Amino acid sequence: MRASRLLAILLLLQSRGRMTARQLADELEVSVRTVYRDVESLHTAGIPMYGDAGHRGGYRLLDGFRTRLTGLTGQEAEALFLAGLPGPAAELGLGALAAAAERKIEAALPAELRASARRIREHFHLDAPGWYHDGDQVPRLPEVAGAVWNRRVIRVLYRRWAEPSEVERTLQPYGLVLKAGKWYLVARCDGTLRTYRVNQILHLEVTGEAFTRPDDFDLAGHWREHLADFRSRLFQGHAVIRLSPAGRERLTDTMSSAVADAVAETAGPPDDQGWITATVPIESLTHAHGEFLKLGAEVVVLDPPELRHRLTRTAHALAALYP
């Protein structure tokens, strides 16, 4: 464990330059005193590193010193190749580069780690999109990615749900997110961070205007907040339902996790036939109507009345079609 930490300090200083003892301690999740002891051990081992005192001080390696050690364990090598995403890399125009980088890393690994990494690739395959959707067709993705990377303002013609359906926008592209086979662009527009579906960009012009992305912008953190806000605004009401044992089994395959969680949290004891009563969130009457129809006769809506009436009308219409 300590040897691994010593190597981690060496690699951190090699990749990031000067770091304080506090920064190293936070990165490695140890105490500052532990860092002091580890640095002393590295000195004793002959590693050419030194420390500067003062407010802008810290530890750093002697200029020009590089280590060829990677310290990869078998599990780390496996994880490295498991993280490969050839499909998205190709969509970004980086497929050849990603493949070349993987080949170089594989060639640099010791034989036993190379075999371990190859087994991962042979036994695991990631297919992110759903069963009924192959993911977005995104012909303009490489252009968008280039603008993100080079921090260039873009002007787009964008198709949206609201009227007018096609709008022109000037965007500062901050980052790209791939979720469930769909590409999203996080960009600043008129001073506000917004999210855009890349496949809804009908026309794109990369301008020569550069922009500055804040150094503290965290794409992953922003996306988590965006999802939390989206989910908080998604559900507009609640429905009280009765659910059969078969309906409960099919629930996770047909409904969102929020509905399944609500059933687990609010359901009362089952009756003599195993039916339960629960209160679940719904997005809208129209959406809930379609969702509950997926369960057929395994669910009964008790409230709200309007949703119950809609399902009743649909049931009568279906009965008329199948006399």
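**Salt bridges and a nonpolar surface patch in the predicted model**

Arg 310 is partly exposed, its relative accessible area being 25%, and in this predicted model its side chain meets that of Glu 306 in a salt bridge with an N to O distance of 3.2 Å. The two residues stand about one helical turn from each other, because they are 4 residues apart in helix 13. Glu 306, which counts as partly exposed at 34% relative accessibility, also meets the side chain of Arg 313 in a salt bridge, at 3.7 Å from N to O. Through these shared partners, Glu 306, Arg 310 and Arg 313 are joined into one network. Arg 313 is likewise partly exposed, with a relative accessible area of 48%.

Over the whole structure, 6 salt bridges are found, among them the pair formed by Glu 291 and Lys 294, whose closest N and O atoms lie 2.8 Å apart. Within this pair, Glu 291 is buried, at a relative accessible area of 16%, whereas Lys 294 is partly exposed, at 42%.

Helix 13, which spans residues 305-321, also contains Leu 318, a partly exposed residue with a relative accessible area of 43%. Together with Leu 321 and Tyr 322, Leu 318 forms a nonpolar patch on the surface, and the accessible area of the three residues together is about 380 Å².

With regard to confidence, the protein has an average pLDDT of 82, and 77% of the residues score at least 70. The highest mean, 95, belongs to strand 3 (residues 152-159), and the lowest, 54, to helix 4 (residues 74-82). Predicted coordinates should not be read in detail where pLDDT is low.

Technical notes:
Residues are numbered from 1 along each chain as its sequence is written. This is a predicted model: local features need pLDDT of at least 70, side-chain atom pairs count only at pLDDT 80 or more; totals for chains, interfaces and linings use all residues. Side-chain values use heavy atoms; hydrogens and water are left out. pLDDT is the predictor's confidence in each residue, from 0 to 100. Patches are made of residues with over 30% relative accessible area and no salt bridge: like charges are joined within 9 Å, nonpolar side chains (Val, Leu, Ile, Met, Phe, Trp, Tyr) within 5 Å. Accessible areas come from the Shrake-Rupley method with a 1.4 Å probe; for residues, only the protein chains shown count as cover. A salt bridge is a side-chain nitrogen of Lys or Arg within 4 Å of a carboxyl oxygen of Asp or Glu. Buried means under 20% relative accessible area, exposed over 50%, partly exposed in between (1.4 Å probe, protein chains only).
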